[in-house]
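The following exercises concern ligand binding and metal coordination. Each task is followed by a worked solution.

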Amino acid sequence: MMVVMSGDATHQDAREVAALVRSAGGEAFVSRGGNRTVVGLAGDAELLGSIGLHRMPGVERVARTSDGYRLVSRVPGMERSVVEVAGVPIGPGTMTLIAGPCAVETPEQTLQAARLALAAGAVLLRGGAFKPRTSPYSFQGLGERGLRILADVREETGLPVVTEVLSAGDVELVAGYADMLQIGTRNMQNFPLLQAVGEAGRPVLLKRGMNATVEEWLMAAEYIAQRGTLDIVLCERGIRTFETSTRNTLDISAVPVAQGLSHLPVVVDPSHSAGRRDLVVPLSRAAVAAGADGVIVDLHPRPETSLCDGPQALGGQDVPELARAVEDAARLMGRRPARELTGRRESGDLTGRRGAGELTGDEASEDRGLVTV
Ligand code: PEP
Ligand code: MN
């Protein structure tokens, strides 16, 4: 069961609901997001249905939910949620492009990638400082030095930062730099990590496990929500199938399926789905057309030198096509590109000065020194 609080309910109202449930022998978990507060209940449903919860101040309604997840579930008639990341909306009505390098490599590379991201219309910067690599011999990321680079690039460009955290012990450190914490596909069922990010006071981007069902994904989101935050964005990033022409198979149907079962926003990562640069723009279009609330794309100023996932990274020459594809598809779906709401593109737009996304060698070196490590 879940209790959905009304928009004007106070924290005290939610606490009183939880106290009543506990006094009746049940368990209660209060979870808050940008535009909603929900209390998840566990215990004897018959009994909890009889204690007058719907008459408590601030209660909008009491609803029955699935067994495995409650706080993140979408009961009939419930609006989908908007998650705000440092003022950037992700949710119905808007189209949020997140872009940046797979991994933070150098200050210059990260700043250049951020400028490409801005030129593409992105409003959030992605970039990994802690990299979950399949081989222990692959580049593992710069760690805290990478986080400092991301913070410097945010300062320079105004783009809030989304970055991955790999272990529960690093959550506090990463949350000290990041605007949004990313949980990668390999960690979708790392339950202590999910609980730790749920307590970190930052929005969370939860990637779908490459072998996980939609239901398992939502139960992973529930672990985060149970610890207090409902500011969770689901990210479909492809699943393992028998198909070998792509790295993973983008499960496009997961977008409307997850949006029907959960009120959380859903974005798509076409880069990690396909593992192929040539498929990123077509899959971005498909994602928006299927109703995704955003797209997260790997960009690199020189993809051929990338230390991580180069074959899937878009370069400067691909930026105009990506920008057009996402905007056109967004308008087709009646969504406003989030950059129109944040106005961030103006602050770092390259298109007025040069072809979108093109950085010359001189400009690249000019960028050196703007960011300190
Ligand atoms: C990433 O986004 O950098 C990443 C490692 O993604 P995934 O967890 O989906 O493989
Ligand atoms: Mn990657």
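The model is predicted.

**Exercise 1.** Determine which side chains place a polar atom by an oxygen atom of ligand 1, and how much of ligand 1 the protein buries.

*Solution.*
Step 1. Apply the cut-off for a polar contact, a pair of N or O atoms within 3.5 Å.
Step 2. In the side chain of Arg237, an N or O atom lies 2.6 Å from an oxygen atom of ligand 1. For Arg126, the distance from a polar side-chain atom to a ligand 1 oxygen is 2.7 Å, and for Lys131 it is 2.8 Å.
Step 3. Ligand 1 taken alone exposes 300 Å², of which the protein buries 97%.

**Exercise 2.** Describe the site of ligand 1 and the classes of the residues around it.

*Solution.*
Step 1. The largest pocket holds ligand 1.
Step 2. The surrounding residues include Glu164, Gln182, Thr185, Lys207 and Pro132.
Step 3. Sorted by class, the shell consists of six charged, four polar and two nonpolar residues.

**Exercise 3.** Identify the protein donors of the manganese ion (ligand 2) and relate them to the sequence.

*Solution.*
Step 1. Cys102 donates through SG, His272 through NE2 and Asp309 through OD, at 1.9 to 2.2 Å from the manganese ion.
Step 2. Along the chain, the spacing of these donors is C-x169-H-x36-D.
Step 3. Cys102 belongs to the loop between strand E7 (94-100) and helix H3 (107-120), whereas His272 is in helix H9 (residues 270-274); the pair therefore ties together parts 170 residues apart in sequence.
Step 4. Cys102 and His272 are also among the residues around ligand 1.

Notes: Residues numbered from 1 in each chain as written. Chains lettered and ligands numbered in written order. Predicted model: local features only at pLDDT ≥ 70, side-chain atom pairs only at ≥ 80, totals over all residues. Heavy atoms only, no water. Near = heavy atom within 4 Å. Polar contact = N/O pair within 3.5 Å; in protein donor to acceptor, adjacent residues only side chain to side chain. Areas by Shrake-Rupley, 256 points an atom, 1.4 Å probe, with all protein chains shown as cover. 1 Å grid on protein atoms, 1.4 Å probe; cavity = no way out; pocket = protein on both sides within 12 Å on 5 of 7 lines; lining within 4 Å. Sits in = over half its atoms within 2 Å of the grid points. Nonpolar A, V, L, I, M, F, W, Y, C, P; charged D, E, K, R; others polar. Donors = N, O, S within 2.8 Å, 3.2 Å for Na, K, Ca; no water. Helix = DSSP H or I, 4+ residues; strand = E, 2+ residues; numbered from the N terminus.
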